[in-house]
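Work through the exercises below with the sequence and the coordinates open. Each task is followed by a solution in steps.

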Amino acid sequence: MAFAKISQVAHYVPEQVVTNQDLAQIMDTSDEWISSRTGIKQRHISKNESTSDLATEVAKSLLEKAGLTADELDFIILATITPDSMMPSTAARVQANIGAHRAFAFDLTAACSGFVFALSTAEKFLASGRFQKGLVIGSETLSKAVDWSDRSTAVLFGDGAGGVLLEACERQHFLAESLYSDGSRSECLTYGETALASPFSEQETLTSFLKMDGRAIFDFAIRDVTKSIKQTIEASPLEASDLDYLLLHQANIRILDKMARKIGVDRDKLPANMMEYGNTSAASIPILLSECVEKGIIHLDGSQKILLSGFGGGLTWGTLIVTI
């Protein structure tokens, strides 16, 4: 039987840093207002790099770390809500950029749960026994999605990309998973709506900026996501105490504080980096994972049990428990 494992991690963010003080120069806000409510102190904002540019740097880094050529890849799955274009896919652009001529490539849209959904999908490809190696990348340029005059959303988001190399192996590394969607609550968090525009349709004007009901999303994370995390742990061969770390979507430091208490794990097991990056949607979990490896917190030697959980627009939420 075939299995899959995460063998390499990498991340890349634009060089430009925009602090809370910088935002206070262009909108009615302050560092105290932002940081006290979210934990965010700064974010990286792209000057001229697109979503595919950020993802391409991650892909190159993953291949370099693994000592592989692009021709050895079977697939590239890219999670994003801010693609360069709807067609071609951003994943196809990355495939071309790195010369992965054998790989099939596609985008997956599940907002802040995107990386978890994409990683689950990729694991199934490898478990089929037909594929050996693939890249799973979350990449976002959310700076093009927000209304920069709206302090309730613009202060929250940043640009960046992170990803993993997934390889076939002989031992089980993916221990449990749960994936959920609830379209009945989709209006809580929206972006990129388009109107009918044919000569035979009634015209409609829609805004494409990201809109969020912050209170509804906060309550959803604390209630629904925490419940599903606990259920996923219960369905796994592990106890909560067996988990070395829980890498959760980086949206708000207060969400992490409350979730740790409700799950019943030490707060130190929930690393955070939204202070430096803000909310990077599908990129937040792989950026955090890559940073944890860089800092020596996670070792990639198969010795640690890690929980990954994303949640956001759709509404979507998903959790994976993996050995890394």
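**Exercise 1.** Is Asp-219 buried, partly exposed or exposed, and what is its relative accessible area?

*Solution.* The model is a predicted one. Step 1: the relative accessible area of Asp-219 is 31%. Step 2: buried means under 20% and exposed means over 50%, with partly exposed in between. Step 3: Asp-219 is therefore partly exposed.

**Exercise 2.** Describe the salt bridge between Asp-219 and Arg-215, and place the two residues in the secondary structure.

*Solution.* Step 1: the side chains of Asp-219 and Arg-215 form a salt bridge with an N to O distance of 3.3 Å. Step 2: both residues belong to helix H7 (residues 214–235), and because they are four residues apart there, about one helical turn separates them. Step 3: Arg-215 has 54% relative accessibility and counts as exposed, whereas Asp-219 is partly exposed.

**Exercise 3.** Which parts of the chain does the salt bridge between Arg-267 and Asp-257 tie together?

*Solution.* Step 1: the two side chains of Arg-267 and Asp-257 meet at 2.7 Å, N to O. Step 2: Asp-257 sits in helix H8 and Arg-267 in the loop between H8 and helix H9 (274–277), so the bridge connects parts that are 10 residues apart in sequence. Step 3: Arg-267 is partly exposed at 26% relative accessibility, and Asp-257 is partly exposed at 27%.

**Exercise 4.** Which residues are joined into one network by salt bridges that share partners?

*Solution.* Step 1: the network consists of Asp-182, Arg-185, Arg-223 and Asp-224. Step 2: one of its links is the salt bridge between Asp-182 and Arg-185, at 2.7 Å from N to O. Step 3: Arg-185 is partly exposed, with 22% relative accessibility. Step 4: the structure as a whole holds 11 salt bridges.

**Exercise 5.** Which element gives the largest share of the positive surface patch?

*Solution.* Step 1: list the members, which are Arg-37, Arg-151, Lys-230, Arg-254, Lys-258, Arg-261 and Lys-262. Step 2: helix H8 (residues 253–263) gives the largest share, four residues. Step 3: Lys-258 is in helix H8 and is partly exposed, at 34% relative accessible area. Step 4: for another patch member, Lys-230, the C-alpha lies 9.1 Å from that of Gly-264, although 34 residues separate the pair in sequence. Step 5: Gly-264 belongs to the loop between H8 and H9 and is exposed, at 58%.

**Exercise 6.** Which element gives the most residues to the largest nonpolar core?

*Solution.* Step 1: the core has 46 residues, and those touching the most other members are Ile-229, Ile-233, Leu-246, Leu-248, Met-259, Leu-307 and Phe-311. Step 2: at least two core residues come from each of H7, strand S11 (245–248), H8, strand S12 (305–312) and strand S13 (316–323). Step 3: H7 gives the most, with eight residues.

**Exercise 7.** Where are the cis peptide bonds that lead into Pro-88 and Leu-315?

*Solution.* Step 1: the bond from Met-87 to Pro-88 is cis, with omega near 5 degrees. Step 2: Pro-88 is in the loop between strand S4 (75–79) and helix H4 (90–98). Step 3: the bond joining Gly-314 and Leu-315 is also cis, with omega about -15 degrees. Step 4: Leu-315 is in the loop between S12 and S13.

Methods:
Residues numbered from 1 in each chain as written. Predicted model: local features only at pLDDT ≥ 70, side-chain atom pairs only at ≥ 80, totals over all residues. Heavy atoms only, no water. Patch = residues over 30% accessible without salt bridge, like charges linked within 9 Å, V, L, I, M, F, W, Y side chains within 5 Å. Areas by Shrake-Rupley, 256 points an atom, 1.4 Å probe, with all protein chains shown as cover. Salt bridge = Lys/Arg side-chain N within 4 Å of Asp/Glu carboxyl O. Lys, Arg positive; Asp, Glu negative; His and termini not counted. Charge placed at Lys NZ, Arg CZ, Asp CG, Glu CD. Buried < 20%, exposed > 50% of the residue type's maximum accessible area, 1.4 Å probe, protein only. Core = buried A, V, L, I, M, F, W, Y, C linked by side-chain atoms within 4.5 Å.
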